[in-house]
Amino acid sequence: MNATQFVASADNVSGAWLAPFERLLERGVEHIAPSIFGVEQFAQDGSVQEDHRVRTIVDEALSGFPKASSVQTTANVIFPISLWNKGTRNGAEALYQRFEAIWPRVKKCRGNWLGHYFHRMIAYQPAGSKEKPVNQLAHVIETVRQGNHRPTALQIAIFDPTRDHAHSRQRGFPCLQQVALCLDGGGITLTGFYGGQNIFDRGYGNLLGLCRLGQFLACELQLKLFRVSCIANVARLSTVGATKTALRSLQDRLSELKAAA
């Protein structure tokens, strides 16, 4: 049996991630198609809400699998939070420049040999193109400031057919295909679309990274961040060797936290 659709939301990243994780641990559920989960509450300043006890427990579990990355590492591929000085003048431009300065080192990392999400957001360039790379984040911010609220204008592409259409049975990047914004009622919502997502390996970090990206865009646009959603066409538990049996202890520790709340 496979769940045909799953929709969940919470007021923080930890709770939103926990919902599809628990569903995938149910007996007989091998994947969810699609899985939609998101965060619907942020601090007044747009800060992302988490239960850091949950994050600590998840990171401890991830550290037991050599091919898995920490929550922070996964989130940074979508939005490198440490490079952004929130609320400062020219903060966005400084962020772009800082990332470009470290990009030669970042792209040498084994995990980035096919590409990098944030780099494609700020320097999108199809394979073989001689055109200047497109900073999609800068464009979206500028077009909104000019009064353009057309939803189809507020899209940030990740998937590049000139690079990513391949016959490989296993490839990985890019799972995230696209990010889209919607302006509504004096605020914004942000949605990330995934072709496939491994909820234990990447789900928490992916949602955290999308929320931080939403926080950045809301800050630059001086708007409130209302909602961040993650849509996975197919959600699975793991590809790093984490079986349901291996994750029962993690499930038990998370259940204890919920029961004590």
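**Exercise 1. A salt bridge between helices**

Arg-253 has a relative accessibility of 38%, so it counts as partly exposed. The model is predicted. Task: find which residue forms a salt bridge with Arg-253, and state which helices the pair ties together.

*Solution.*
Step 1. The partner is Glu-60. The closest N and O atoms are 2.7 Å apart. The cut-off is 4 Å, so the pair qualifies as a salt bridge.
Step 2. Place both residues. Glu-60 lies in helix H2, residues 52-62. Arg-253 lies in helix H9, residues 248-260. The pair therefore ties together parts that are 193 residues apart in sequence.
Step 3. Classify Glu-60. Its relative accessible area is 41%. Partly exposed runs between 20% and 50%, and Glu-60 is partly exposed.

**Exercise 2. The partner of Arg-145**

Task: name the residue that forms a salt bridge with Arg-145, and decide whether that residue is buried or exposed.

*Solution.*
Step 1. Glu-220 forms the salt bridge with Arg-145. Their closest N and O atoms are 3.2 Å apart.
Step 2. Glu-220 lies in helix H8, and Arg-145 in helix H6, residues 136-145. The bridge therefore links parts that are 75 residues apart in sequence.
Step 3. Glu-220 has a relative accessible area of 16%. Buried means under 20%, so Glu-220 is buried.

**Exercise 3. Asp-160 and Arg-163**

Task: give the accessibility class of each residue in the salt bridge between Arg-163 and Asp-160.

*Solution.*
Step 1. The closest N and O atoms of the pair are 2.8 Å apart.
Step 2. Asp-160 has a relative accessible area of 2% and is buried.
Step 3. Arg-163 has 35% and is partly exposed.
Step 4. For context, a search of the whole structure finds nine salt bridges.

**Exercise 4. Backbone angles in loops**

Task: locate Asn-90 and Gln-222, then give phi for Asn-90 and for Gln-222.

*Solution.*
Step 1. Asn-90 sits in the loop between helix H3 (71-78) and helix H4 (91-106). Its phi is near 60 degrees, a positive value in a residue other than glycine.
Step 2. Gln-222 sits in the loop between helix H8 (199-221) and strand E7 (224-232). Its phi, also positive in a non-glycine residue, is near 55 degrees.
Step 3. Apply the exposure cut-off, over 50%. Asn-90 is exposed at 57%. Gln-222 is exposed at 73%.

**Exercise 5. A peptide bond**

Task: is the bond from Ala-33 to Pro-34 cis or trans?

*Solution.*
Step 1. Omega is near -5 degrees. The bond is cis.
Step 2. Pro-34 lies in the loop between helix H1 (13-24) and strand E2 (35-39).

Conventions
Residues are numbered from 1 along each chain as its sequence is written. This is a predicted model: local features need pLDDT of at least 70, side-chain atom pairs count only at pLDDT 80 or more; totals for chains, interfaces and linings use all residues. Side-chain values use heavy atoms; hydrogens and water are left out. Helices (H or I, at least four residues) and strands (E, at least two) are DSSP runs, numbered from the N terminus. Buried means under 20% relative accessible area, exposed over 50%, partly exposed in between (1.4 Å probe, protein chains only). A salt bridge is a side-chain nitrogen of Lys or Arg within 4 Å of a carboxyl oxygen of Asp or Glu.
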